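Work through the exercises below with the sequence and the 3D view open. Try each task before reading its solution.

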Amino acid sequence: LFESRFEAGNLMTARKVSPLEYDLYLRSDYRTFGYTQWFYFRVKNMQAGQQYRFNIVNLYKAGSLYNKGLQPLLYSEKEWAQHGKSWRRAGQDILYFRNKMHGSGGRSRRYKTLTFKISFPHDQDSCWLAHGYPYTFTDLQRYLDTLMRDTKRIAYIERSVLSTTLAGNPCDLLTVTEPGEEELLFKRPVCVVSARVHPGESQSSWMMQGVVNYLTGPTVKARILRSRFVFLLVPMLNPDGVILG
């Protein structure tokens, strides 16, 4: 049983090829010419120890790190409940190759297939599979709410709304610098950093969180950076795309 109707989930269709093999089709990024990269879905009712094969058949990128050792990510509810284990890399016999399906770019644009075998650790478990470590819009809002309650960091950071998206979600803007006279602040160079213009690049959100933690931290280097620059940070430039997966 496959499911992706949750925040940042992406799986459009699953077709059973054989008792242990499924062809999977992703939903393309909104307002693109059929771009697909991010997958994130839940699987239930599997049998422990069985080798399942999943074929994601409508991927867009010409090449992939899956041919150089990258593995999908797996999260098991029972592994978390029994052993405290979170997301981990999993999968064997992984191959990324061009198939015979044509994308929206015409006959010159051929879709790619990511195929891999996967076994699940428990019977009747709920497991999630993802392209990268998920980082949702809700994750960001929780992080920023916690950040703004941190009495040691609040002196260096201001949170505002850069814009409101078409779906009505806030696009947050963080301004980080060392407090000072207004005339002095206007003379500081401005450094702009953004993340998640492409919704499937969840790793950029984890990197941005590290950047924010560092720039608002107590180290000497962080204080020097704050005293010399004004940092304008947009942690999620495409909230709607991230939410939709």
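**Exercise 1. Classify Glu3 and its salt-bridge partner.**

Task: Decide whether Glu3 is buried or exposed, then do the same for Arg5.

Solution. The model is a predicted one.
- Step 1: Glu3 has a relative accessible area of 16%. The limit for buried is under 20%, so Glu3 is buried.
- Step 2: Arg5 has a relative accessibility of 76%. Exposed begins over 50%, so Arg5 counts as exposed.
- Step 3: The side chains of Arg5 and Glu3 form a salt bridge, with N to O at 2.9 Å. This salt bridge joins a buried residue, Glu3, to an exposed one, Arg5.

**Exercise 2. Examine further salt bridges.**

Task: State how many salt bridges the structure holds, and describe the one between Lys187 and Glu183.

Solution.
- Step 1: The total is seven salt bridges. Side chains of opposite charge can pair when their charged atoms come close.
- Step 2: Lys187 and Glu183 meet through their side chains at 3.8 Å, N to O. The cut-off is within 4 Å, so the pair at 3.8 Å qualifies.
- Step 3: Both residues lie in helix α3, four residues apart, so about one helical turn separates Lys187 from Glu183.
- Step 4: Lys187 is exposed at 62%, and Glu183 is exposed at 59%.
- Step 5: Another salt bridge links Asp150 and Arg153, whose closest N and O atoms are 3.3 Å apart. Asp150 is partly exposed, at 26% relative accessibility.
- Step 6: Salt bridges also link Asp145, Arg159 and Asp172 in a network.

**Exercise 3. Describe the surroundings of Thr115.**

Task: Find the strand that holds Thr115, and list what Thr115 touches beyond four places away in sequence.

Solution.
- Step 1: Thr115 belongs to strand β9, residues 110-118.
- Step 2: The relative accessible area of Thr115 is 8%, so this residue is buried.
- Step 3: Leaving out residues up to four places away in sequence, Thr115 touches Arg53, Phe54, Asn55, Asp93, Ile94, Leu95 and Phe97.
- Step 4: With one of these, Arg53, the side chain of Thr115 makes a polar contact, side chain to side chain, at 2.6 Å.

**Exercise 4. Locate a nonpolar surface patch.**

Task: Which residues form the nonpolar patch with Val197, and where does Val197 lie?

Solution.
- Step 1: Val197 forms the patch with Leu162 and Leu237, and together they have about 250 Å² of accessible area.
- Step 2: Val197 sits in the loop between β13 (190-194) and α4 (202-215).
- Step 3: At 45% relative accessible area, Val197 is partly exposed.

**Exercise 5. Summarise the chain and its confidence.**

Task: Give the numbers of helices and strands, the share of buried residues, and the elements where confidence is lowest and highest.

Solution.
- Step 1: The protein chain has six helices and 14 strands.
- Step 2: The chain has 245 residues, and 44% of them count as buried.
- Step 3: Its accessible surface is about 13500 Å², with 54% belonging to carbon and sulfur atoms.
- Step 4: Among contacts between residues at least 6 apart in sequence, 68% join residues at least 24 apart.
- Step 5: Mean pLDDT for the chain is 93, and 97% of residues reach 70 or more.
- Step 6: Confidence is lowest in helix α3 (residues 182-187), with a mean of 87, and highest in strand β14 (residues 230-234), at 98.

Methods: Residues numbered from 1 in each chain as written. Predicted model: local features only at pLDDT ≥ 70, side-chain atom pairs only at ≥ 80, totals over all residues. Heavy atoms only, no water. pLDDT = per-residue confidence, 0-100. Helix = DSSP H or I, 4+ residues; strand = E, 2+ residues; numbered from the N terminus. Buried < 20%, exposed > 50% of the residue type's maximum accessible area, 1.4 Å probe, protein only. Polar contact = N/O pair within 3.5 Å; in protein donor to acceptor, adjacent residues only side chain to side chain. Contact = heavy atoms within 4.5 Å. Patch = residues over 30% accessible without salt bridge, like charges linked within 9 Å, V, L, I, M, F, W, Y side chains within 5 Å. Areas by Shrake-Rupley, 256 points an atom, 1.4 Å probe, with all protein chains shown as cover.
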